[in-house]
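Me: I have a chain in front of me and would like to talk it through with you. Could you take my questions one at a time?

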Amino acid sequence: MEKRLFSSLLLVVLFLVGESHCKKQAGKLGHFYNVKLKENSGIDTSLFAGIHHVKRASKVHPQEGLKEKDRIDRLPGQPQVKFSQYGGYVTVDKSAGRALYYYFAEAQKSKESFPLLLWLNGGPGCSSLAYGAMQELGPFRVHSDGKTLYNNLYSWNNAANVLFLESPAGVGFSYSNTTSDYNESGDRKTAEDSYVFLVNWLERFPEYKDRDFYIAGESYAGHYVPQLAHTILSHNKKTNMTIINLKGIMVSIFSSCSSSSISFSHTSHRQSINSIKLETWSTLWHIRLCLLDTLFFSLFASFQRVE
């Protein structure tokens, strides 16, 4: 009885300390952004500028018939499922021969009404197919035999149509036929290529053009996600039309020696979770994924109630 009481009190104290620490971090971050926006801040704000120069006319290519060519009837060792899945390449620069690979798992039910969510792993250099799709939030897990798959009960395609993107070129199956592309890659180029990918992908899957769209990611995707979101909003504003119906972003910034922070914004909805420092990588990894799953499903449930 005493041990249980002590454990309960300890959890309460940890929660209060964590909440206080979170507020302090949020305050410092808010102050930083306010300073950054001032003209005499001394900070190079060009690094935060959205990309708004992508010419859709020269970057959008014909996509007729490519959707069915990308259809995956069944992955090796895969159990029977009732949802559709696709995988393939989308060219983002014809002259350079640069193309990005994607894997797409439609929602297990209500795919016509559920939102579209883009998942990006970080690194830089982590595969969204190997990590995001097959080890974290995708519909399948790999058995220890390395040959067969089993269903992931907590897959995010229970609540959304999930699109996994291998980005930038050189990550996973994504490639370029121009060697210099690998040396000149960076955050801005990654944002531009990801945007061109999305515009072309939506031509390939036109039924998702007007769908509510969310971007989520982890680790270095803490750079990729907001920069891609900024690029999307910049083009929507420049053209005075909704090219991509972006509704919100979710990011997990994670390292083995610091706390994990997850945040999401959707109009007036803002939530954040901080996890306490834990002793082992494996435990922290498990907690981080549980937090992501819990937050994801609770947020989408709250959106449906609000809307």
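Reply: Happily, and one term comes first: buried means under 20% relative accessible area, exposed over 50%, and partly exposed in between, with a 1.4 Å probe and protein chains only. This is a predicted model, in which local features need pLDDT of at least 70 and side-chain atom pairs count only at pLDDT 80 or more, while totals for chains, interfaces and linings use all residues. Residues are numbered from 1 along each chain as its sequence is written, and side-chain values use heavy atoms, with hydrogens and water left out.

Me: How many helices and strands does the protein chain have?
Reply: Both are DSSP runs numbered from the N terminus: helices are H or I with at least four residues, strands are E with at least two. Counted that way, the protein chain has eight helices and 11 strands.

Me: What share of the residues of the protein chain count as buried?
Reply: The protein chain has 307 residues. Its exposed surface comes to about 17000 Å², with carbon and sulfur atoms supplying 56% of that; such areas come from the Shrake-Rupley method with a 1.4 Å probe, and for residues only the protein chains shown count as cover. The share of residues that count as buried is 43%.

Me: Is D181 buried or exposed?
Reply: D181 has its side chain in a salt bridge with K189, at 3.0 Å from N to O. A salt bridge here is a side-chain nitrogen of Lys or Arg within 4 Å of a carboxyl oxygen of Asp or Glu. K189 is partly exposed because its relative accessible area is 21%. D181 has a relative accessible area of 8%, so the word for D181 is buried.

Me: Which residues are linked with D181 and K189 in a network of salt bridges?
Reply: Side chains of opposite charge can pair when their charged atoms come close. One member of the network, D93, stands opposite R98 in β2. Besides D181 and K189, the network links D93, R98 and D193.

Me: Over how many bridges do β1 and β2 pair?
Reply: Two strands pair if DSSP finds at least two bridges between them. Strand β1 covers residues 85–93, and seven of its nine residues are buried. The two strands form a hairpin with four residues between them, and G97 in the turn has a positive phi of about 70°. β1 and β2 (residues 98–105) are antiparallel, and the number of bridges is eight.

Me: Which residue forms a salt bridge with K67?
Reply: The closest N and O atoms of this pair are 2.6 Å apart. The pair links distant parts of the chain, 140 residues apart: K67 sits in helix α3 (residues 66–70), and its partner in the loop between α6 (187–204) and β8 (213–218). That partner counts as partly exposed because its relative accessibility is 36%. The residue is E207.

Me: Is R204 buried or exposed?
Reply: The side chains of D70 and R204 meet in a salt bridge at 2.5 Å, N to O. This pair joins helix α3 to helix α6 across 134 residues. D70 counts as buried because its relative accessibility is 9%. R204 has a relative accessible area of 6%, so R204 is buried.

Me: Which element gives the most to the largest nonpolar core?
Reply: A nonpolar core is a set of buried Ala, Val, Leu, Ile, Met, Phe, Trp, Tyr and Cys residues joined through side-chain atoms within 4.5 Å. The largest has 33 residues, and those with the most contacts inside it are F197, W201 and I215. The elements that give two or more residues to this core include β1, β2 and β8. With seven residues, the one that gives the most is α6.

Me: Which residues is W201 in contact with, leaving aside its neighbours within four places in sequence?
Reply: Contact means heavy atoms within 4.5 Å. On that basis, W201 is in contact with V90, Y102, F104, L116, L163 and Y208.

Me: What separates the C-alpha atoms of G77 and K147?
Reply: G77 is found in the loop between α3 and β1. Not counting residues up to four places away in sequence, G77 touches K147, T148 and L149. G77 and K147 are 70 residues apart along the chain, and the separation of their C-alpha atoms is 6.1 Å.
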